[in-house]
Amino acid sequence: MARHRSSSAGVFLFCVIAAAAPAHAQDLLSAYTGPNAQGYVAPLVDAFRSNLNAGLFHSARIEPNGFHVSLEFTGMATSFGNASRTFMARTDTGVNDHYVQAPTIVGDPGAVFTSGYANTTYAFPGGFDVSNWYLSAPQLRIGNWKGTEALARVILYDTGNKEIGSLGVWGGGVRHSISQYFPGIAPLDIAVAGMYQHARLNTDQGLDIVDSNLYTLALHTGMALGPIYPYAGLSIDWYRFGVHYETDGIDPIDIRYQTNEDFQLTLGASYQVGFVAAYGEYNFADQNTLAAGLSVNFPFSSRSVTQ
């Protein structure tokens with residue numbers, strides 16, 4: 001039976017950088033710093049984006065007014081299937097180019113070699129054999145003013161490597177109740193949301209190795225059924241992800257990855273007892289993500305805004 005590794009957020013980013021280490025030959029580096037870069041890193045970049053968009057809400061209910069604070073802890077998990085382990089890479093020599101099935105960054109560790117122009121050998125680097133990837137984030141929710149609340153989350157991770165540095169993710173956003181304007185739709189809750197999240201991996205020398213920005217707009221809905229609250233959300237996002245790495249002996253590595261107008265569907269349910277709620281959800285995106293968490297709320301209210 002094949003055994004695959006799991007990766008946390010820090011390990012994911014470390015894997016991206018480790019692929020650019022001097023131990024790899026220059027011809028291997030060029031295989032994924034050129035046109036093949038997005039195909040090679042796509043599974044983990046998409047998982048990172050999907051995870052950042054997960055766990056942002058577990059209710060579409062926002063009271064019109066009244067002070068409310070919620071401290072939340074959310075965990076996300078993504079599993080990589082066979083389709084994520086390979087991509088069609090192009091030799092890109094300029095003469096008689098052809099496509100080869102090569103490992104992605106989560107694929108098999110063995111490099112793939114193919115014949116190129118004038119009997120040259122073209123090499124594609126192997127992956128890191130990652131099957132599961134996890135991320136966790138604490139977040140704080142504060143409201144409410146005219147059916148509006150604010151959300152902030154932060155993730156700090158020290159890789160323990162001075163050349164890699166530390167990872168920081170922070171984000172903030174707002175949600176606004178739409179159902180407060182339509183009391184006839186009770187007990188259905190509807191809200192709109194906007195979120196910005198920034199990730200940065202920088203060295204002790206101040207060099208930014210990883211820099212990413214995620215912009216998300218979403219529509220949230222749900223309905224209270226006693227202590228159980230099923231909810232759903234549809235979001236659209238714009239994502240920018242870059243890797244820049246410099247070391248002696250090789251040219252600087254510069255990978256840019258961006259997606260525009262990607263959609264993510266969220267289906268979940270929460271269960272609330274007193275001031276504590278537990279929730280779980282599944283997110284459908286380029287890389288599907290499972291999320292679950294706990295929320296501690298003050299003060300507790302069990303009413304929909306339209307009740």
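Is Asp-129 buried or exposed? I looked this up before anything else and found Asp-129 buried, with a relative accessible area of 13%. I take buried as under 20% relative accessible area, exposed as over 50%, and partly exposed as in between, with a 1.4 Å probe and protein chains only.

**Basis of the entries**

I note that this is a predicted model, in which local features need pLDDT of at least 70 and side-chain atom pairs count only at pLDDT 80 or more, while totals for chains, interfaces and linings use all residues. Residues are numbered from 1 along each chain as its sequence is written, and side-chain values use heavy atoms, with hydrogens and water left out.

**The chain as a whole**

I counted 3 helices and 15 strands in the protein chain. Helices (H or I, at least four residues) and strands (E, at least two) are DSSP runs, numbered from the N terminus. Of the 307 residues in the protein chain, 48% are buried. The protein chain exposes about 14,200 Å², and carbon and sulfur atoms supply 61% of that area. Accessible areas come from the Shrake-Rupley method with a 1.4 Å probe, and for residues only the protein chains shown count as cover. I then turned to contacts (heavy atoms within 4.5 Å). Among those in the protein chain with a separation of 6 or more, 63% are between residues 24 or more positions apart.

**Backbone entries**

I returned to Asp-129, which lies in the loop between strand S6 (121–124) and S7. Its phi is near 55°, a positive value in a residue other than glycine. Lys-146 also has a positive phi, near 50°, and I located Lys-146 in the loop between S7 and strand S8 (148–158). I recorded these values because most residues other than glycine have a negative phi, and most peptide bonds are trans.

I next looked up cis peptide bonds. The bond from Gly-143 to Asn-144 is cis, with omega near -5°, and Asn-144 is found in strand S7. Ala-186 and Pro-187 are likewise joined by a cis peptide bond, with omega about 10°. Pro-187 is in the loop between strand S9 (166–177) and S10.

**Strand S3 and its partner**

Which side chains of S3 point to the buried face? Along residues 86–90 I found Phe-87 and Ala-89 buried on one face, while Thr-86, Met-88 and Arg-90 point to the other and are not buried. In a regular strand the side chains alternate between the two faces of the sheet. S3 pairs with strand S4 (residues 99–103) in the antiparallel sense over 5 bridges. Two strands pair if DSSP finds at least two bridges between them. I noted Pro-103 in S4 as the bridge partner of Thr-86.

**Aromatic pairs**

I found 6 aromatic pairs in the structure. One of them joins Tyr-196 and Tyr-215 and is tilted, at 5.1 Å centre to centre and 40° between the planes. Tyr-196 lies in strand S10 (residues 188–202) and Tyr-215 in strand S11 (residues 208–223), so this pair ties together parts that are 19 residues apart in sequence. Tyr-196 is partly exposed at 24% relative accessibility, and Tyr-215 is partly exposed at 39%. Another pair, Tyr-282 and Phe-284, is edge-to-face, at 4.9 Å centre to centre and 70° between the planes. I read a relative accessible area of 34% for Tyr-282 and 38% for Phe-284.

Rings of Phe, Tyr and Trp (its six-membered ring) pair if their centres lie within 6.5 Å; planes under 30 degrees apart count as stacked, over 60 as edge-to-face and the rest as tilted. Ring pairs also link Trp-170, Tyr-196 and Tyr-215 into a cluster.

**A nonpolar patch**

I traced a nonpolar patch on the surface, formed by Phe-67, Leu-71, Phe-73, Leu-140, Ile-142, Phe-275, Val-276, Leu-294, Val-296 and Phe-298, with about 940 Å² of accessible area together. Patches are made of residues with over 30% relative accessible area and no salt bridge, where like charges are joined within 9 Å and nonpolar side chains (Val, Leu, Ile, Met, Phe, Trp, Tyr) within 5 Å. A salt bridge is a side-chain nitrogen of Lys or Arg within 4 Å of a carboxyl oxygen of Asp or Glu. Strands S2 (65–79), S7 (130–145) and S15 (289–298) each supply at least two residues of the patch. Phe-275 lies in the loop between strand S13 (253–273) and strand S14 (276–284), and is partly exposed at 48%.

**Ile-62**

I closed with Ile-62, found in the loop between helix H3 (37–52) and S2. Ile-62 is buried, at 1% relative accessibility. Ile-62 and Ser-179 are 117 residues apart in sequence and 8.9 Å apart in space, C-alpha to C-alpha.
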